[in-house]
Amino acid sequence: MSTRIAFLKGHGTQNDFVVVPDPENAVALPRATVAALCDRRAGIGGDGLLHVVRSAAHPEARHMAAEAEWFMDYRNGDGSIAEMCGNGVRVFARYLQRAGHVGEGDLAVATRGGVKTVHIAKDGDITVGMGKALLPEGPVTVSVGERSWPARNVNMGNPHAVAFVDDLAHAGDLLTPPPFSPAAAYPDGVNVEFVVDRGPRHVALRVHERGAGETRSCGTGACAVAVAAARRDGADPAVTGSPVTYTVDVPGGTLVITERPDGEIEMTGPAVIVAEGEIDAEWLENAVR
């Protein structure tokens with residue numbers, strides 16, 4: 001490892017990330033290292049970390065190398081590994097564009113949730129093909145204090161529990177994971193979205209992201225919310241043959257989610273790189289002792 005490690009800082013609707021370019025997968029990033037980098041007081045700070053690796057260089061992504069040159073090795077802010085991050089994919093694509101690896105137009109990004117299609121538009125917005133939602137059967141309940149709500153179980157490559165509430169304040173501080181039941185519904189934990197209506201096909205959410213706490217935005221969560229809202233509203237593109245689009249307000253901005261008749265979901269929103277620099281390896285070594 002060199003004495004200094006390059007990094008960038010970026011966000012998508014204020015869901016923010018430390019970006020570590022490492023094409024040949026040469027930088028060791030154990031859980032404690034990631035948590036130190038994402039620490040908002042003693043590190044760089046971020047909801048998560050985007051480790052940018054060529055698919056062929058990473059053992060978890062080599063089987064996707066023929067489809068996607070780049071692998072988003074995503075980590076939550078506590079250092080745990082996650083399958084996918086929708087806002088993260090947009091920031092990942094923005095980094096690839098900034099670094100000259102890709103230009104405007106279409107590209108593919110490998111993730112633990114599969115290969116995602118991405119389109120970088122001339123106007124700056126980035127659209128990500130988020131795949132299809134799975135809707136596991138069975139009742140789920142989430143709670144905050146003395147309040148409880150039924151929740152829709154939606155899987156976007158990672159698990160979500162979507163609860164429709166009267167007031168977003170009812171979600172509490174979201175510093176700790178909201179309790180849910182049954183425990184068997186989410187054996188590895190869950191992202192919990194609390195949702196209110198803003199207008200026709202327009203909703204707003206607050207979210208507790210597994211491994212990160214409350215974040216300013218969650219891309220997969222916005223997709224899960226749009227699907228849950230559509231089913232609640234009696235809209236299923238697979239049945240009607242027409243796409244359904246929801247505007248989803250998150251604390252950090254707005255995302256536009258479209259579900260197509262074939263079940264594929266597209267998410268459109270901004271992605272910004274705000275800074276770049278170098279991590280001092282001596283600091284990092286001391287930080288994780």
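In helix α1, which covers residues 31–38, the buried residues are T33, V34, A36, L37 and C38. These buried residues of α1 pack against three strands that lie earlier in the numbering than β18, namely β2, β3 (48–54) and β4 (70–76), as well as against β18 (272–280) itself and helix α5 (281–287). The model described here is predicted.

**Overall architecture**

The chain contains five helices and 18 strands. Its radius of gyration is 18 Å, close to the 19 Å that the globule rule gives for 289 residues, so the chain is as compact as a globular protein of that length. Along the principal axes, the C-alpha trace spans about 55 × 40 × 30 Å. Of the 289 residues, 52% count as buried. Among contacts with a separation of 6 or more, 62% are made by residues 24 or more positions apart.

The accessible surface of the chain amounts to about 12300 Å², and carbon and sulfur atoms contribute 50% of this area. The chain carries 26 positive and 37 negative charges, and the mean positions of these two sets are 1 Å apart.

**Helix α3**

Helix α3 comprises the 14 residues 219–232. From its first C-alpha to its last it reaches 20 Å, close to the 20 Å expected at 1.5 Å a residue. Of the 14 residues of α3, 12 are buried, so this helix is largely enclosed by the rest of the structure. The buried set consists of G219, T220, G221, A222, C223, A224, V225, A226, V227, A228, A229 and A230. After α3 comes G234, a residue with a positive phi near 80°.

**Positive phi outside glycine**

Two loop residues other than glycine, T13 and L174, are set out below with their phi values, places and relative accessibilities.

| Residue | Phi | Loop | Relative accessibility |
|---|---|---|---|
| T13 | near 45° | between β1 (4–12) and β2 (15–21) | 4% |
| L174 | about 55° | between β10 (159–164) and β11 | 2% |

Buried means under 20% relative accessible area. At 4% relative accessibility, T13 therefore counts as buried. L174, at 2% relative accessibility, likewise counts as buried. The strand β2 that closes the loop of T13 is also among the elements against which the buried residues of α1 pack.

**Strand β11 and its surroundings**

Strand β11 covers residues 180–181, and F180 is found in this strand. Is F180 buried or partly exposed? With a relative accessibility of 25%, F180 counts as partly exposed. Leaving aside residues up to four places away in sequence, F180 touches T141, V142, Y186 and V190. F180 and V140 are 40 residues apart in sequence, and their C-alpha atoms are 7.1 Å apart in space.

A cis peptide bond joins S181 and P182, with omega about 0°. P182 lies in the loop between β11 and β12 (191–199). The loop containing L174 lies between β10 and β11, whereas the loop containing P182 lies between β11 and β12.

Methods
Residues numbered from 1 in each chain as written. Predicted model: local features only at pLDDT ≥ 70, side-chain atom pairs only at ≥ 80, totals over all residues. Heavy atoms only, no water. Expected span 1.5 Å × (residues − 1). Buried < 20%, exposed > 50% of the residue type's maximum accessible area, 1.4 Å probe, protein only. Rg over C-alpha atoms; globule rule 2.2 N^0.38 Å. Contact = heavy atoms within 4.5 Å. Areas by Shrake-Rupley, 256 points an atom, 1.4 Å probe, with all protein chains shown as cover. Lys, Arg positive; Asp, Glu negative; His and termini not counted. Charge placed at Lys NZ, Arg CZ, Asp CG, Glu CD.
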